[in-house]
Structures are given as C-alpha cells and as structure tokens.
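Here's a quick briefing to read alongside the model. Have the sequence and the 3D view open as you go.

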Amino acid sequence: MKRKKERVKKMQDEQKKFQEKLSELLSYARDHENKVTMKEVRDFFEDFALDEQKVTFVCEYLTMEQVDVADYEPGVVPEETEKEKKKPEFSEEELRALQQYLDELPETETPSEEETAELYRKAAEGDSLAKSMLVQLWLPKVIETAKEMHTRDFFLMDLVQEGNVGLLVALESVVKAETAEQAIDAVVRETISDFMEEHRVQKHKDNTVVNKVNRLKDAIEELSDGDDMDFSVAELSAYLDMSVEEIEDILRIAGEEP
C-alpha cells in the first residue's frame, strides 16, 4: 500500500511538472513571435526523456495554440516498427472481457468543445463533479490507448485498468485547463508503459529464479548420483558458486527444506 501511494504521489508530481513545463514553453513561444523549433521543444523537455509520440503531442498542442513549430509536420507520426505494424489480434477471452466492461459503462452524452473546455477549467479549480464527468468522458479514450499499446504478453483489460489509474491520478493533478487534455493523455500512457515495464522486469526475475532452481536440481542429481543426499548446503554452494543463503532460498522456492 505504501509503495502504491508513493507511486501515485510520484506520478502526480511528474504530471504537475509536465504541465508547468508545457506552460513555460508556450510563454517562451509567445515571447519569440509564436515560433519555436523542434530542437527547442526537445531541449525544453530534456529532463522528461519524452519519446517521439509524446514530442508529437507537445507539438500538436503548440500548433493548436497558433505556435509555428519549425520542422514539425502536423499529422506525421513516427514511423512504426515492424512489431507495431503487426499488432497481435485480441484473444476471445480479451474480447469478452472488454465487451463486458463496455456493457457496464454508463451511457453519457458527448459534451461540445465549449462544454469540455469548461469541464477542464472547473477540474483545474478542484471541482469534483467536473472531474467525475471527465472520468466518464475519458474512459473510452483509455480503452483505445490500451488497445494501441497492447502486445500479446499482456491481457488487454489489465492495461485498461492501469490506464484508468493513470487517468484518476492525472485528473487530481490538473493545474492548467489549457494543457489538461495533452497532460492527461501523457500520464495514461506513462502509467500503462510503467506497468508493462514492471511486468517485463518481474518476468525476467521469475525466469532467473526458474533457471537457478533447475541448476540446483541438476547439481543435486549430479552430486548424489542417484543415491540419497550425503552432501551439505555448503558443498552445493561451492559446487554452484552461489552463497549458502541463496542456495537455502532456492531450496525453499523449490519446496525443499535447506
């Protein structure tokens, strides 16, 4: 629980810093005849390590604010990788879970651009009702983002739920109505991306543990030569070049008493 709160707090802080930086960039552009270069955009967000997609979001926002971004071509997205071009199809289980989720979403009317802008303004002022209405507005968008980021290593609805967490965090961190939409989208994507990375790291750790368990079992078979174990954990430690503590941990994972 503590780790979850720390993660949420970190995301809120990063969201606030991103919005502040975006406002600073817009002020900078206003002071330079509404003109900036792609290099200036990248330099401005150097500490954020933005990927190409997020840089595109920033440029789109500037363009909507009548800022001329040199070397930026509206509508041109970064070239897809071969993996992205060959997106895996969703499984039947994923489609069923998604349809059930969609069926449970409340039906809401899509607000006009003016009404949406007013909701962002009120949300930035801390209005709880406006935030609640924005949640309903954004839930379908989170689904589309999850679909876009989905790979066969992940269950689609897991990505949707993580995106929803990012959505709630982002809405609690809205400080500028003008930059809210871009900032919320960035946080949703970042939350899903962080979840996917944590999953990959954990999977790597799990695979490492499995490999160690298999190595240990092979070593026991080699040392025992089919007979009862007549060697110590210390001897196993020397044989495998692992610490005694590590051997004992692996034995526990394997369901053996050290």
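The protein chain has eleven helices and two strands, where helices (H or I, at least four residues) and strands (E, at least two) are DSSP runs numbered from the N terminus. Keep in mind that this is a predicted model: local features need pLDDT of at least 70, side-chain atom pairs count only at pLDDT 80 or more, and totals for chains, interfaces and linings use all residues. Residues are numbered from 1 along each chain as its sequence is written, and side-chain values use heavy atoms, with hydrogens and water left out.

**Overall layout**

- Reading from the N terminus, the elements go α-β-α-α-β-α-α-α-α-α-α-α-α.
- Of the 258 residues in the protein chain, 35% are buried, meaning under 20% relative accessible area (exposed is over 50%, partly exposed in between; 1.4 Å probe, protein chains only).
- About 16,500 Å² of the protein chain is exposed, with carbon and sulfur atoms supplying 48% of that; accessible areas come from the Shrake-Rupley method with a 1.4 Å probe, and for residues only the protein chains shown count as cover.
- Take the contacts (heavy atoms within 4.5 Å) with a separation of 6 or more: residues 24 or more positions apart account for 68% of them.

**Nonpolar cores**

- A nonpolar core here is a set of buried Ala, Val, Leu, Ile, Met, Phe, Trp, Tyr and Cys residues joined through side-chain atoms within 4.5 Å.
- The largest one has 32 residues, and Leu167 and Ile184 touch the most other members.
- Helices H5 (92-104), H6 (113-124), H7 (128-149), H8 (156-172) and H9 (180-224) each chip in at least two residues, and H7 gives the most, with ten.
- There's also a second, separate core of 19 residues, with Leu22, Met38, Val41 and Val69 among them.

**How H7 meets H8**

- The axes of H7 and H8 come within 8 Å and cross at roughly 140 degrees; axes are lines fitted to C-alpha atoms, for helices over the stretch in contact, and angles run from 0 to 180 degrees between N-to-C directions.
- That makes H7 oblique to H8, since angles under 35 degrees count as roughly parallel, over 145 as roughly antiparallel, 65 to 115 as roughly perpendicular and the rest as oblique.
- On the H7 side, the contact includes Leu134, Trp138, Val142 and Met149, and on the H8 side it includes Leu159, Gly163, Leu167 and Glu172.

**A look at Ile220**

- Ile220 sits in helix H9 and is buried, with a relative accessible area of 17%.
- Ile220 and Tyr239 are 19 residues apart in sequence and 9.8 Å apart in space, C-alpha to C-alpha.
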